[in-house]
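This briefing introduces one protein structure to a reader who has not met it before. Please look over the sequence and the model, then read the points below by topic.

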Amino acid sequence: MEMSRTDGRMEGWLYTIRHNRFGLQFSRKRYFLLLDNNLKSFRSVPSDHNEEPDRRASLDCCIRVTDNGRESFHRKILFIFTLYNTSNHLDQLKLGASSPEEAAKWIRSLQDASQKGFPFPDCEFVSHAQKGLVKLDLSKRTRRKVSVDWTNYSSLNVETIAPDVIAPSPWKIFGCQNGLRLFKEAKDWDSRGKHWDDHPAVMAVGVIDGTSEDIFNTLMSLDPLRSEWDFCFYKGSVVEHLDGHTDIINVQLYSDWLPWGMNRRDLLLRRYWRREEDGTYVILCHSVYHKKCPPRRGYVRACVKSGGYVVAPVSKGKQSLVKHMVAIDWRSWNLYMRPSSSRSITIRVVERLAALREMFKAKQGHGFAEFVSGEFLETKSCLSKVNIRPLITEAKRVDLELVKADEMEKPSSARHSLMDLNNVSDEFFDVPEPSEFDSLIDNSPFSQGHSQLKIPSPAGIVKKLQDLANNKKGYMDLQEVGMDDKSTFFYGATLQKDPNLTMPCSWATADPSTFLIRGENYLKDRQKVKANETLMQMIGADWISSNKREDDLGGRLGGLVQEYAAKGGPEFFFIVNMQVPGSAMYSLALYYMLKTPLEEHPLIESFVNGDDAYRNSRFKLIPHISKGSWIVKQSVGKKACLVGQALEVRYTRGKNYLELDVDVGSSTVARGVTNLVLGYLTNLVIEMAFLIQANTENELPELLLGTCRLNYLDVSKSVQER
C-alpha cells in the first residue's frame with residue numbers, strides 16, 4: 001500500500017475498523033492525510049491540497065495512540081492501532097494498516113502530531129453534520145497554555161536502541177555450522193559454558209538478506225509454504241487468537257528428521273510478538289495447556305520452556321541479524337535417549353535458520369508476500385466437531401435510508417472529533433482493492449458501495465455472541481500458580497525487605513551503577529553514563545492482590561505514608577504502584593522517601609506539581625531481569641521507557657506524597673509481556689530504576705529517583721485486599 005511521509009505530513013491508505021448494529025467488526029478503506037495536527041479522511045486520493053475531506057479531526061495532547069497488533073478481517077491481515085481521547089474513552093478511532101512497518105510509522109507520526117499539536121486540550125469539538133466535518137470552536141473557552149515543556153522533544157524519539165543496563169551476556173559460543181554461530185545459555189556459576197543441562201537453551205545467529213518486516217511475516221506464517229525452509233514443520237494452525245500480539249498455536253512436526261524409532265512430536269505454544277522502535281521484531285513462545293487442543297493420538301507433546309526469534313535490521317535495513325533460540329524438553333525416556341541425543345535434536349532445530357537464509361537468498365531478499373488467508377481460523381484438527389443450531393435463521397435486510405435518517409437525527413454536540421471519522425454510513429462504502437477492479441462492472445461510488453455490502457451469516461452472529469459471553473481464559477500457562485488468602489496488613493510493609501538477597505518474595509535496592517542515564521553533555525554527544533546514586537531512599541513495598549484496581553495506597557489510613565504525615569515532618573514520598581492484571585489484579589507498590597524539602601529539587605518539584613501531560617512526558621522506567629529465563633529477559637528488555645507514553649497512569653497528589661498508579665493492562669503489548677512474566681515469576685530477580693527525564697542543559701545530568709530489586713516474587717504470597 002502506497003504511503004508517503006515528510007516533515008509534518010503523512011499520507012496513505014488505511015482501514016477504519018468499526019462495529020455494525022449486529023456487534024460485528026467490519027473494515028473500510030480510506031485515504032488519510034495527516035498535516036501538522038490535522039487528520040483528514042478521503043474516499044479517494046485527493047486531486048489537490050485544497051480538496052475538501054469527507055472527515056476531519058484535530059489532534060492535541062489529550063489524544064493517545066495504542067498499538068493493538070494484528071487481526072484478520074475478511075481473510076486479510078491488518079495491523080491495528082487506536083486513537084482515543086484520554087478525557088473521554090468513548091471518543092476513539094480504530095485504524096488498520098496493511099503492514100507492521102506502515103502501522104509503526106503512522107503510530108509515531110500521530111504521537112508526534114498529538115504532542116506537538118495546538119495547546120488547547122479543553123476546547124470543545126463542534127460537528128457540522130451537513131458536510132460531515134469537525135471543527136474546533138475556541139470561543140467557548142479561553143485559550144490556556146499547556147505546561148508541557150516540548151523543548152528538545154525530538155530527542156525523545158531519536159535515542160539509539162542500545163540497552164540502558166550494564167549486564168554480562170549469559171550466552172557462550174560452542175560452535176559454528178552452516179554459516180551460523182551457535183551459542184548455549186550458561187549458568188551463573190559456569191563462566192566458561194562447559195556444563196550442559198538436560199534441556200539446554202541453544203541459540204543460532206546469522207545474517208539474512210531481507211528486511212526485518214519480510215522475515216517477520218515469514219516466521220509468523222503457518223502456511224504450508226513454511227515447509228520451503230522449515231524442515232521440522234509439517235502442519236500448523238491457530239487455536240485461539242487472544243489479542244493482536246498474542247495467540248495460541250499448534251504445530252505438528254515431521255518425524256523423518258527425528259532419530260529412528262522416535263514418535264512424532266507436536267507443540268502447543270503461546271506466541272507473543274512485538275516491534276521495537278528501531279524496527280526490530282521479537283517473537284517469543286512457550287508451551288501451554290489449552291482445553292480445545294488436548295494431546296492428540298499418535299503424537300508426543302514436547303514442552304518448549306522458552307523459544308523465539310529476534311530480527312534486527314542491519315545494513316540500512318537491507319539485511320537482518322536473526323537470532324533463533326530454543327530450550328525444549330522432547331519428553332523422551334531417559335533409557336531410550338541420552339541427554340547428548342536430545343541436545344543434538346535441539347541444535348538441529350535452530351539450524352533451520354540456515355534454510356531460512358538460503359530461501360531468502362533464492363527469492364532475492366523477499367519471503368512470503370502475504371500471510372495465510374486462513375491463519376486466524378480455528379484449528380480443525382484440534383477442535384472437536386460441534387453442531388451449533390443457528391439461533392438466527394434469516395438476517396434482516398438493512399435499510400440504507402434508515403441508516404441515513406439515524407445519522408441526521410444525531411445532535412451535533414454529541415459527536416466528537418475521532419468519532420466523527422467513524423460515520424455509520426461508512427459501512428456501506430468501501431474502496432476496492434486494486435485486484436478487485438477487474439471484477440467490477442460499474443466503477444461508480446454507488447455500485448462500489450453495494451458490491452461490498454455483506455450481511456453477516458447466522459453462524460457468524462452466534463459465534464460472536466458466544467465469544468462475548470465467554471470471558472474466561474481458555475488456556476493455562478504450565479508455570480501458573482494459585483493464590484492464598486491473607487489477613488489484614490499495613491500499607492507499605494506487606495513485602496518484606498531482604499538486603500542479603502537470599503529470601504524469596506522480598507525486596508532490596510539495586511545497584512545504581514547498573515543503569516545508564518543521560519550525562520552532562522548528552523544533548524551534544526548523546527552519551528549515557530553510569531548512575532552513581534539515587535535522590536530518594538526506598539523504604540517499603542507492597543505486594544497486594546484484589547478483584548479490582550487498588551489506587552491511592554499512600555492516602556490510606558494506617559499506612560506508612562500517613563504515619564509520617566501525622567508526625568508533620570518534612571519527608572516527601574514518591575509511590576510507584578504497578579497494577580498488574582492476572583488471575584487477580586496484583587499491585588506492586590514501591591515507596592520512596594525524600595528526606596530534604598521538595599523545594600531543593602526543582603525538577604522533582606515541577607514534576608510533582610505539574611499536570612498529567614507534563615508528567616507523562618517525563619517519568620521514565622529502566623527495567624532489567626538480572627536472573628531468569630532468556631524468554632523473559634528478551635520480553636522485558638533493558639531499554640528505558642517513558643511510562644506515561646506507553647501506559648495509562650493515574651496521578652494522586654497528597655499532602656506529603658505523589659502516587660503513580662500505572663495500569664499495565666492498558667497496553668496490549670505490555671499485557672502480553674506481563675502474562676509471560678507472571679508464568680516465570682518465582683524464578684526471576686527483577687531490577688528497576690526510576691527517573692525524571694532531563695531535556696535541557698539545566699536539567700542535565702539525569703539523576704535516579706530510586707532503584708529496587710525484587711527477589712523471586714510469588715503470587716500465592718501476595719496479600720489479599722478484602
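Two strands count as paired if DSSP finds at least two bridges between them. In this sense strand E2 pairs with strand E8, and the bridge partner of threonine 16 in E8 is leucine 95. The model is predicted. The protein has 722 residues, and 53% of them are buried.

**Overall make-up**

- The protein contains 15 helices and 35 strands.
- About 34100 Å² of the protein is exposed, and carbon and sulfur atoms supply 50% of that area.
- Taking contacts between residues at least 6 apart in sequence, 66% join residues that are at least 24 apart.

**Strand E2 and its partners**

- Strand E2 covers residues 9-19 and is mostly covered, with 9 of its 11 residues buried.
- Strand E3 (residues 25-35) runs antiparallel to E2, and 11 bridges join the two.
- Histidine 19 is placed opposite glutamine 25, which belongs to E3.
- E2 and E3 make a hairpin, with 5 residues between the two strands.
- In the turn of this hairpin, glycine 23 has a positive phi of about 85 degrees.
- Strand E8 (residues 88-97) also pairs with E2 in the antiparallel sense, over 2 bridges.
- In general, strands of a sheet pair through backbone hydrogen bonds, in either a parallel or an antiparallel way.

**A mixed sheet of six strands**

- An open sheet is formed by 6 strands in the order E22-E23-E34-E33-E29-E30, with mixed pairing.
- Strand E22 (496-497) and strand E30 (641-642) stand at the edges; each has a single partner strand, so one side of each is left without a neighbour in the sheet.
- Inside this order, strand E29 (residues 619-627) and strand E33 (residues 685-692) run antiparallel and are joined by 8 bridges.
- One of the pairs across E29 and E33 is proline 623 with methionine 688, its bridge partner in E33.

**Cavities**

- There are 4 cavities of 30 Å³ or more in the structure.
- The largest cavity holds about 360 Å³ of space.
- Its lining consists of 25 residues, and those closest to the centre are Arg226, Leu269, Cys285, Tyr309 and Arg352.
- Five strands each supply at least two residues of this lining: E15 (246-253), E16 (264-275), E17 (281-290), E19 (303-314) and E20 (319-329).
- Sorted by class, the lining of the largest cavity has 18 nonpolar, 3 polar and 4 charged residues.
- As a general point, rolling a probe the size of a water molecule over the atoms shows where empty space is left.

**Threonine 246**

- Threonine 246 belongs to strand E15.
- Its relative accessible area is 2%, so threonine 246 is buried, the cut-off for that class being under 20%.
- Apart from neighbours within four places in sequence, threonine 246 is in contact with His241, Arg270, Arg271, Tyr272 and Gly672.

**Helix H2**

- Helix H2 spans residues 212-220, and 9 of its 9 residues are buried, so the helix is largely enclosed by the rest of the structure.
- The buried residues of H2 are Ser212, Glu213, Asp214, Ile215, Phe216, Asn217, Thr218, Leu219 and Met220.

**Backbone features in loops**

- Most residues other than glycine have a negative phi, and most peptide bonds are trans.
- Aspartate 552, which is not a glycine, has a positive phi of about 55 degrees.
- Aspartate 552 is found in the loop between strand E26 (537-546) and helix H10 (560-567).
- With a relative accessible area of 23%, aspartate 552 is partly exposed.
- Tyrosine 712 is a residue other than glycine with a positive phi, near 50 degrees.
- The loop between E34 and strand E35 (719-720) holds tyrosine 712.
- Tyrosine 712 is partly exposed, at a relative accessible area of 28%.
- Leucine 700 and proline 701 are joined by a cis peptide bond, with omega about -5 degrees.
- Proline 701 lies in the loop between E33 and strand E34 (704-711).

Note on methods. Residues numbered from 1 in each chain as written. Predicted model: local features only at pLDDT ≥ 70, side-chain atom pairs only at ≥ 80, totals over all residues. Heavy atoms only, no water. 1 Å grid on protein atoms, 1.4 Å probe; cavity = no way out; pocket = protein on both sides within 12 Å on 5 of 7 lines; lining within 4 Å. Points joined across faces, edges and corners; volume = space filled by probe spheres on them. Helix = DSSP H or I, 4+ residues; strand = E, 2+ residues; numbered from the N terminus. Nonpolar A, V, L, I, M, F, W, Y, C, P; charged D, E, K, R; others polar. Buried < 20%, exposed > 50% of the residue type's maximum accessible area, 1.4 Å probe, protein only. Contact = heavy atoms within 4.5 Å. Areas by Shrake-Rupley, 256 points an atom, 1.4 Å probe, with all protein chains shown as cover.
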